[in-house]
Amino acid sequence: MKLDQFKPLTVYTIYIASTPEKVWEALTTAEFSRKYFSGFAVETEPRLGGKFMVRAPDGSEHISGEVLEYDPPNRLTVSWNVNWPDLVEKLGTTLVTYEIAQAGEAVRLTMSERHDRPLSDDILSGGRTGWPAILSGLKSLLETGKAPQIKMAPPAKMLDALKAMGIKVP
């Protein structure tokens with residue numbers, strides 16, 4: 001896989017009153033992620049080529065991938081493949097990169113979601129709706145010790161677009 005073939009189609013940058021090490025831990029461990037990611041557990045094998053997984057609250061494997069760039073606590077890139085039938089075959093692999101940098105008394109966290117092909121805004125709307133909630137929860141958790149419970153409606157535009165492509169969605 002050639003990482004430079006993947007173009008960022010969704011990018012968010014936030015500033016967090018924390019340390020790069022704590023932000024890294026929050027992004028890569030199940031203990032932290034369950035608190036800000038609606039009960040989903042991020043599991044990252046801490047090495048280049050290691051396994052990456054996001055487990056749903058019921059323990060099932062929701063997202064699987066591989067660690068493609070690993071430079072703690074500065075940069076992490078993983079393949080991010082939602083385990084819905086035919087999704088990866090029709091849309092290709094998704095890459096998610098976190099860039100973490102000290103910015104004065106805060107940490108700048110930039111998340112980019114990259115793809116190897118153009119995707120419609122309707123397809124991208126799911127991530128563009130979900131990432132702000134996930135990153136806001138992470139920020140709140142690190143700054144206050146508590147992540148808000150954010151209620152969101154299912155991403156209807158994305159689900160309709162996937163169904164139109166013949167991709168089975170839950």
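This briefing walks through a helix pair, a pocket, a cavity and two backbone details. The model is a predicted one, so please read what follows in that light. Helix H4 is a good place to begin: H4 crosses helix H5 at roughly 135°, and H4 also gives the largest share of the lining of the largest pocket.

**How H4 and H5 pack**

- Two packed helices are described by the angle between their axes and by the distance between those axes.
- For H4 (residues 121-144) and H5 (residues 156-164), the axes come within 7 Å and cross at roughly 135°.
- That angle makes H4 oblique to H5.
- The crossing of H4 past H5 is left-handed.
- On the H4 side, the residues in contact are Asp122, Ile123, Ser125 and Gly126, and they meet Lys157, Met158, Ala161 and Leu162 of H5.
- By class, the residues of this contact are four nonpolar, two polar and two charged.

**The largest pocket**

- The largest pocket holds about 1,200 Å³ of space.
- Its lining is made up of 40 residues, and those nearest the pocket centre are His62, Gly126, Gly130, Ile134 and Pro155.
- Elements that give two or more residues to this lining include helix H2 (30-36), strand S4 (61-71), strand S8 (106-115), H4 and H5.
- Strand S6 (81-82) and helix H3 (87-91) are also among the elements that give two or more residues.
- H4 supplies 10 residues, the largest share of the lining.
- Gly126 is worth a look on screen, as this residue takes part in the contact of H4 with H5 and is also one of the residues nearest the pocket centre.
- The lining of the largest pocket divides into 25 nonpolar, 12 polar and three charged residues.

**The enclosed cavity**

- There is one cavity of 30 Å³ or more in the structure.
- The largest cavity contains about 40 Å³ of space.
- Leu27, Tyr36, Val42, Phe52, Leu76, Trp80 and Tyr98 line this cavity.
- The cavity lining has seven nonpolar residues, with no polar and no charged ones.

**Backbone details in two loops**

- Pro72 and Pro73 are joined by a cis peptide bond, with omega of about -5°.
- Pro73 sits in the loop between S4 and strand S5 (75-79).
- Ser38 is not a glycine, yet has a positive phi of about 50°.
- You will find Ser38 in the loop between H2 and strand S2 (41-44).

Definitions and conventions:
Residues numbered from 1 in each chain as written. Predicted model: local features only at pLDDT ≥ 70, side-chain atom pairs only at ≥ 80, totals over all residues. Heavy atoms only, no water. Axes fitted to C-alpha atoms, helices over the stretch in contact; angles between N-to-C directions. Helix = DSSP H or I, 4+ residues; strand = E, 2+ residues; numbered from the N terminus. Parallel < 35°, antiparallel > 145°, perpendicular 65-115°, else oblique. Left-handed = near helix turned anticlockwise from the far one by under 90°. Contact = heavy atoms within 4.5 Å. Nonpolar A, V, L, I, M, F, W, Y, C, P; charged D, E, K, R; others polar. 1 Å grid on protein atoms, 1.4 Å probe; cavity = no way out; pocket = protein on both sides within 12 Å on 5 of 7 lines; lining within 4 Å. Points joined across faces, edges and corners; volume = space filled by probe spheres on them.
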